[in-house]
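Visitor: Please choose one part of this protein and take me through it slowly, together with the pieces that surround it.

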Amino acid sequence: MTGVTSAQYLKLSLFPTSPYYARVHVRRVLESWHRDDLIETAQLIASELVSNAITAHTACPDAAKAIRYADPDQIWMDLYRMGETVVLRVWDASPLTPVVRDPTPDDEHGRGLHLVDLLATDWGYYRPTPGGKIVWCTLASPASPSEEQAG
């Protein structure tokens with residue numbers, strides 16, 4: 001991770017309250033980095049990715065047991081800076097690919113990755129060598145109207 005200037009890591013239990021703790025962590029980290037411009041967006045994305053990771057992790061209980069250093073009852077999230085860009089990553093033990101769903105207006109779930117796609121500068125996922133998957137996104141300050149006109 002060349003160019004990383006600072007990083008923060010958080011382990012989260014598979015509880016319904018974990019997205020809340022992820023949001024609190026994101027706020028504190030971004031405030032300490034003086035990146036208040038990204039707090040609301042990063043909190044929403046973190047909440048969605050952590051919720052998805054908990055769902056995926058619990059759907060594959062044997063996957064965590066098969067990963068050498070994984071805790072079967074935890075996922076993790078980290079944030080790091082690369083220049084002006086903030087990267088948020090969430091790991092879970094599930095090998096299942098994250099899927100952007102096409103929910104109907106009546107569906108109660110399935111909009112999380114749409115929000116991530118809309119709000120993040122970029123996002124994706126990869127499978128680390130130990131196992132599971134990491135869903136990541138990059139966040140950058142939105143361009144001001146004068147920057148957009150200059151570009």
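Guide: What follows is a close look at helix α2, beginning with the chain as a whole and ending with a few residues around the helix.

This is a predicted model, in which local features need a pLDDT of at least 70 and side-chain atom pairs count only at pLDDT 80 or more, while totals for chains, interfaces and linings use all residues. Residues are numbered from 1 along each chain as its sequence is written, and side-chain values use heavy atoms, with hydrogens and water left out.

The protein chain holds five helices and five strands, where helices (H or I, at least four residues) and strands (E, at least two) are DSSP runs numbered from the N terminus. Followed along the sequence, they come in the pattern β-α-α-α-β-β-α-β-β-α. Of the 151 residues in the chain, 41% are buried; buried means under 20% relative accessible area, exposed means over 50%, and partly exposed lies in between, with a 1.4 Å probe and protein chains only. Among the contacts in the chain (heavy atoms within 4.5 Å) with a separation of 6 or more, 63% are between residues 24 or more positions apart.

Helix α2 covers residues 39–59, and at 1.5 Å a residue its 21 residues should span 30 Å, which agrees with the 30 Å between its end C-alpha atoms; the expected span is 1.5 Å times one less than the number of residues. Its buried residues are I39, A42, Q43, I45, A46, S47, L49, V50, A53, I54, A56 and H57.

Two other helices pack against α2. Two packed helices are described by the angle between their axes and the distance between the axes. Helix α1 (residues 18–32) packs with α2 at an angle of about 145°, their axes 8 Å apart; axes are lines fitted to C-alpha atoms, for helices over the stretch in contact, and angles run from 0 to 180 degrees between N-to-C directions. The crossing of α1 and α2 is right-handed, a crossing being left-handed if the near helix is turned anticlockwise from the far one by less than a right angle, and right-handed if clockwise. On the α1 side the contact is made by S18, P19, A22, R23, V24, V26, R27, L30 and E31, and on the α2 side by I39, A42, Q43, A46, S47, V50, S51 and I54. These residues divide into 10 nonpolar, four polar and three charged; Ala, Val, Leu, Ile, Met, Phe, Trp, Tyr, Cys and Pro count as nonpolar, Asp, Glu, Lys and Arg as charged, and the others, Gly among them, as polar.

Y20, also in α1, is partly exposed at 45% relative accessibility, and its C-alpha atom is 9.8 Å from that of S51, 31 residues away along the chain. In the loop between α1 and α2 lies H34, which has a positive phi of about 60° although it is not a glycine. H34 counts as exposed because its relative accessible area is 70%.

Helix α4 (residues 112–119) packs with α2 at an angle of about 145°, with the axes 9 Å apart, and here the crossing is left-handed. T41, L44, I45, E48, L49 and N52 of α2 meet G112, L113, L115, V116 and L119 of α4. That contact has seven nonpolar, three polar and one charged residues.

Strand residues also reach α2. D92, in strand β3 (residues 85–92), is buried, with a relative accessible area of 3%. Neighbours within four places in sequence aside, D92 is in contact with A53, A56, H57, I75, G132 and K133. The side chains of D92 and K133 are joined by a polar contact of 2.9 Å, that is, a pair of N or O atoms within 3.5 Å, where within protein one must be able to donate a hydrogen and the other to accept it, and residues adjacent in sequence count only if both atoms are side-chain atoms. The D92 side chain also reaches the backbone nitrogen of S94 at 2.8 Å. H57 is also touched by Q74 of strand β2, whose contacts beyond four places in sequence are K11, L12, S13, L14, H57 and W91.

Finally, C60 lies in the loop between α2 and α3 (61–66) and is buried at 15% relative accessible area. C60 and S94 are 34 residues apart in sequence but 5.7 Å apart in space, C-alpha to C-alpha.
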